[in-house]
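Welcome! Let's take a friendly walk through this protein together, going from its sheets to its cores and then to a few single residues.

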Amino acid sequence: MSLHLYDTSARTVREFVPVEPGRASIYLCGATVQAPPHIGHIRSGVNFDVLRRWMIRSGYDVTFCRNVTDIDDKIIRVAAAEGVPWFVVAERNQRAFTWAYQVLGCLPPTVEPRATGHVPEMIELMERLIAAGHAYPANGDVYFDVVSYADRYGSLSNQRLENMRAAGDTDTDSAKRDPRDFALWKGEKPGEPTWPTPWGRGRPGWHLECSAMATKYLGPTFDIHGGGVDLIFPHHENELTQSQAAGDGFARYWMHNGMLKIGAEKMSKSLGNSLLIPEVTKKVRPVELRYYLAAPHYRSAIEYSEEALAEAAAAYQRIEGFVTRAAEVIHDVDAHAPLPQAFADALDDDLGTPQALAVVHEVVKEGNVALAQGNKEQVARLLAETQNMLDVLGLDPRSEQWRSSGDDSGLRTTVDALVRVALEQRQAARARKDFAAADGIRDQLAQAGILVEDTPQGPRWELSR
């Protein structure tokens, strides 16, 4: 089957047909950098990284644009509370997000625009909207007139204008024609950063930023716009409305990942219950956290728990164990080996990662049997299938990302040499049938965090987790 994706705007699964054959354009709403990232936010990055990898594997030339919102009401409030310039907060947290994306194995975006670098494009978009009668300046602000687009406004979120509340994006609605009108541009206020426009100095509204950046890098009509389900309204609704009102086709598919919750409460920075990436990666390795975030279907909610995180880590370690053992037997893996059809079908069916990972585990199970039987031909085929599937998911333990993200290589070499000495002593004890001494050496290694496994190729070790 061909790739099919759930389109929020159509409220159904649709076949993916790109604007340009063989090419795919994706815009992902990235970070609003008022605080460092929690795992709920990075889930979006992981989910859309899997989509991108699958599209690349399927033969598409993918342009992936992930923005940074580096000016926003929240950023300004945090800066004021800390007594530092707004850009200090933005820069500090952008670096934290970049590190988090990298540590979880997300491919770098094709382009990563910052909002503050695209004010000229925002001004142009506002001029088009004003000329079309869909926006108006008022006291230094610029607003979108929702009544002027009443027949279309609410189509993405499936709402009717008469049932909507006031936008709530300004201190007062006194300058608005209608309380539901949303701000495209916010006039100058003391202590806030400003940029010049034909209507006075000020700063951009959140929704305007993304429309300007998406169309600059992906064109007036592009393929996919992604983000968390919490962005559907008002952010994505307003993006779609202002862009189409200006005459752009904008996104043809809208994809939204589910939220990560704690105790049935959405994880968000404002709730103060977020789990920051550096803290979580002290509990599990980054690759295991990636597995945890990628394993559920991207549209489903995740109920966070320490138990679920540990289960995900254990599941990944079972896959990793087979790959490690098989690689000791098979040294050359066919990177172009065909993927199991069931795996491809699962990802083509709205990025069905739970079903795809079920295929991975089934192949690993077969691979372990083949290893036990000493069937090298079968092991070679199953290892190639496993690694190629894991590569699509960004989870291949033999990739440079995960091989270089573990222990320091120099320290690993030293530890390996020391463990080998102990294993040679253990083998000598077993040869002279001194099994008590052999078991004692193994137990001492285990107490030091070294797990020993006897294989047909000899003993092998790994660090306990």
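## Two sheets, two cores and a loop

Let's begin with a sheet of 4 strands, which is open, has parallel pairing and follows the order S4-S3-S9-S10. At its edges you will find strand S4 (61-69) and strand S10 (250-257), each of which pairs on one side only. From one strand to the next, the twist averages 25°. Keep in mind as you look that this is a predicted model.

Inside this sheet, strand S3 (residues 23-32) pairs with strand S9 (residues 221-228) in the parallel sense, over 3 bridges. To see a bridge up close, find tyrosine 27, whose bridge partner in S9 is histidine 225. A helix joins the picture too: helix H6 (residues 232-245) lies across S3, S9 and S10, and runs at about 175° to S10.

What holds the strands of a sheet together? Strands pair through backbone hydrogen bonds, and the pairing can be parallel or antiparallel.

The antiparallel kind can be seen here as well: 4 strands in the order S5-S6-S7-S8 form an open sheet with antiparallel pairing. Strand S5 (135-138) and S8 each have a single partner strand, so one side of each is left without a neighbour in the sheet. Neighbouring strands of this sheet are turned by 20° against each other on average, direction ignored. S7 and S8 run antiparallel and are joined by 3 bridges, and tryptophan 185 has proline 204 as its bridge partner in S8.

Here are the two sheets side by side:

| Strand order | Pairing | Average turn between neighbouring strands |
|---|---|---|
| S4-S3-S9-S10 | parallel | 25° |
| S5-S6-S7-S8 | antiparallel | 20° |

Now follow the chain out of S7. The loop between strand S7 (182-187) and strand S8 (202-204) contains threonine 194. Is threonine 194 buried or exposed? Its relative accessibility is 18%, and buried means under 20%, so threonine 194 counts as buried. Leaving aside residues up to four places away in sequence, threonine 194 touches Glu188, Arg201 and Gly202. With arginine 201 there is a polar contact, side chain to side chain, at 2.8 Å.

For contrast, look at alanine 80, which lies in helix H2 (residues 73-82). Alanine 80 counts as exposed because its relative accessibility is 62%, and exposed means over 50%. Alanine 80 also shows how folding brings parts of a chain together: alanine 80 and glutamate 192 are 112 residues apart in sequence, yet their C-alpha atoms are 9.5 Å apart in space.

Next come the nonpolar cores. The largest has 81 residues, and Met55, Leu289 and Phe343 are those with the most contacts inside it. Helix H9 (residues 306-327) gives the largest share of this core, 9 residues. Phenylalanine 343 touches several residues beyond four places away in sequence, including Trp54, Ala356, Val360 and Leu393. Another core, of 41 residues, lies apart from the largest one, and Ile76, Met122, Trp195 and Trp199 are among its members.

Finally, a record adds a label to one stretch. In an unreviewed entry, UniProt places the feature "domain: Cysteinyl-tRNA synthetase class Ia DALR" at residues 342-403. How much of residues 342-403 is helix, and how much is strand? The span is 81% helix and 0% strand, with its end C-alpha atoms 28 Å apart.

Definitions and conventions
Residues are numbered from 1 along each chain as its sequence is written. This is a predicted model: local features need pLDDT of at least 70, side-chain atom pairs count only at pLDDT 80 or more; totals for chains, interfaces and linings use all residues. Side-chain values use heavy atoms; hydrogens and water are left out. Buried means under 20% relative accessible area, exposed over 50%, partly exposed in between (1.4 Å probe, protein chains only). A polar contact is a pair of N or O atoms within 3.5 Å; within protein, one must be able to donate a hydrogen and the other to accept it, and residues adjacent in sequence count only if both atoms are side-chain atoms. Contact means heavy atoms within 4.5 Å. Two strands pair if DSSP finds at least two bridges between them. Axes are lines fitted to C-alpha atoms, for helices over the stretch in contact, and angles run from 0 to 180 degrees between N-to-C directions. UniProt positions are given in the numbering used here, feature names are shortened, and annotations may be inferred rather than shown by experiment. A nonpolar core is a set of buried Ala, Val, Leu, Ile, Met, Phe, Trp, Tyr and Cys residues joined through side-chain atoms within 4.5 Å.
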